[in-house]
Amino acid sequence: MSIVVSALGYTYHPGTPLETVALEDISFQLEPGQWISVVGHTGSGKSTLAQHLNGLLPPQRGSVEVDGIPCRKGEGRLREIRRIVGLVFQYPEQQLFAETVFDEISYAPRNWSCPEQEVERRVRTAAERLGIPEATFQRSPFHFSGGEKRKIAIASVLAASPRYLVLDEPTAGLDTTSRKELLALLKELRSSEGLGILLITHDLEMALEMSSRILLLHEGRRFFWGTPDELLPELTERNAVRLAPPDILALSSRLLSRGCSVPLTWDWETLANALNRDPSFILRKNEADECAS
Amino acid sequence: MPQEFVCDLREVWYTYSGARAPALRDISLRIQRGEWLGILGSNGSGKSTLARVMNALLIPTQGACFVEGFPTSDTASLWEIRRRMALVFQNPENQIVGATVEDDAAFGPENLGFPPDEIRSRVRSALAVTGLSAKAGKPTYTLSGGEKQRLAIAGALAIDSPCLVLDEPTAMLDPVGRAEVLDVLASLHAQGRTILYITHRLEETLLCSRVVVLNNGAVVADGAADDVLSADACGGWGLEPPPLLLLRKALIDSGRIPSDTLPSYTALEAALCPSS
């Protein structure tokens, strides 16, 4: 049981002047209960990769298998794959279409011909998870703010009870509270239900904090694959791949290179504690004050 | 005659039809010429509604909004209002209409009926300011996200709008694209344009000359960025200071760095390890 991506390659508009290689030789594996973050600059191939994971794009080179089922056109198994892999698109709120919140969230379970009682249970569970009050079920989803629409769209994917969740920039445009809530929910789904999560993001801090593994794409190729800790030393040099290192990581790396005894970290509390433990920083500050006076 | 305030909101309330609660509650706000005003708030706090009220896309259900002295409720003034206050949306894909970069930037001045020479010169300078001159003849679909958003800003500049309202213009961009857009805004502000910048990213408002925080449709804070950002109340508004600000505060509190250290990692580094 896992999603296995092997030597995947994809080219847009092959054989035309617009030919663009979007992915080349990408291999990795996503197991249930695992959290993989895919990071990379705009145009690095992240969204193209996501669309391969539930059969929206068939591989041109290499292969993708979901729990043993190959993602290929013409095998009649795409429907199965789409039940197993829930895909939350970038800006899912732009894809809302139903007249009421309830109809929106119940779309997938109704498509799978669940009995109405089961549909209702799934809608309630998914809505509750996202903090969508029942009182809003009969309202139009279009009357909500951007962040609230996002929650409705994610609830409608969860209502299909997928085994894996692929999310393309799910926190872009969300405020910090909603972002924290969403990440806590994903974390919970991962540990309580063993959901495998693949999250596409520009947000390195989020990737470092949440992931078991990180895949860094650059111009369609695998630039890095490993644990967050293994990625840290790489990141400080990664402006070349259009990813700004998190501020705290940049600061800790600069301090390290100047001989300070601090850990390489992206976590502000870890760095604050290290700096507050080291008496030399107070001395240096006093020296600086003396120089200034 | 130029008015003192670019935008003057007087006890503005707005309630969407069918909604039970108002989206804006009793907002009084005066925006001066040349200000870079950051409008902060969590999702659903009323930020985008406020932007639409200021652009006369929505008319207050109570109270009044004036743009350069023109009341937004007067439909005869719409033309005057919209050429003075240009709205740039979150999603750059939704606001590009031209096939090529220069066609797109020319869309606004064409609609205003300028002669061709005037249009060409406006487009040329708008593309120069936004760093897109080299892309002038390129199809718009070849642009990156950051470039598209800069093109949307160029469109607003080509109609010579003295005031730009930007509704989360960096939300869809990667860190490099975000920095590109902020650089353009900083230079426009330095040239005296008024910028109303809507965001929920606290760190982006550090560049603003003034920050207004909206919560649940009402203004809950109005002041200099540093005062608003250091407020412990941020959490209650659904906002959270970025990690660098939290570190800065912890180091100031423990006496490691001077209290006037700027909130950037290079400033923190310099304060921690003076080069002397």
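**Sheet of chain A and a helix contact between chains A and B**

In chain A, 6 strands make up an open sheet of mixed pairing, ordered β6-β7-β8-β3-β9-β10. The model is predicted. Two topics are covered below: the sheet of chain A, and the packing of helix α10 of chain A with helix α9 of chain B.

**Sheet in chain A**

- The edge strands of the sheet are β6 (85-88) and β10 (221-226) of chain A, each of which pairs on one side only.
- On average, and with direction ignored, neighbouring strands of the sheet are turned by 15° against each other.
- Within the order of the sheet, β8 is followed by β3; in chain A, strand β3 (residues 35-39) and strand β8 (residues 196-201) pair in the parallel sense over 5 bridges.
- Opposite A:V38 stands A:I200, a residue of β8(A).

**Helix packing between chains A and B**

- Helix α10 of chain A spans residues 247-257 and helix α9 of chain B spans residues 265-272; the two pack at an angle of about 30°, and their axes are 9 Å apart.
- Because angles under 35 degrees count as roughly parallel, α10(A) is roughly parallel to α9(B).
- α10(A) and α9(B) cross in the right-handed sense.

**Residues of the helix contact**

- From α10(A), the contact is made by A:D247, A:A250, A:L251, A:R254 and A:L255.
- From α9(B), B:Y265, B:L268, B:E269 and B:L272 take part in the contact.
- By class, the residues of the contact of α10(A) with α9(B) comprise 6 nonpolar and 3 charged, with no polar ones.

Key
Residues are numbered from 1 along each chain as its sequence is written. Chains are lettered from A and ligands numbered from 1 in the order in which they are written. This is a predicted model: local features need pLDDT of at least 70, side-chain atom pairs count only at pLDDT 80 or more; totals for chains, interfaces and linings use all residues. Axes are lines fitted to C-alpha atoms, for helices over the stretch in contact, and angles run from 0 to 180 degrees between N-to-C directions. Helices (H or I, at least four residues) and strands (E, at least two) are DSSP runs, numbered from the N terminus. Angles under 35 degrees count as roughly parallel, over 145 as roughly antiparallel, 65 to 115 as roughly perpendicular and the rest as oblique. A crossing is left-handed if the near helix is turned anticlockwise from the far one by less than a right angle, and right-handed if clockwise. Two residues are in contact if their C-beta atoms, placed from the backbone, lie within 7 Å. Ala, Val, Leu, Ile, Met, Phe, Trp, Tyr, Cys and Pro count as nonpolar, Asp, Glu, Lys and Arg as charged, and the others, Gly among them, as polar. Two strands pair if DSSP finds at least two bridges between them.
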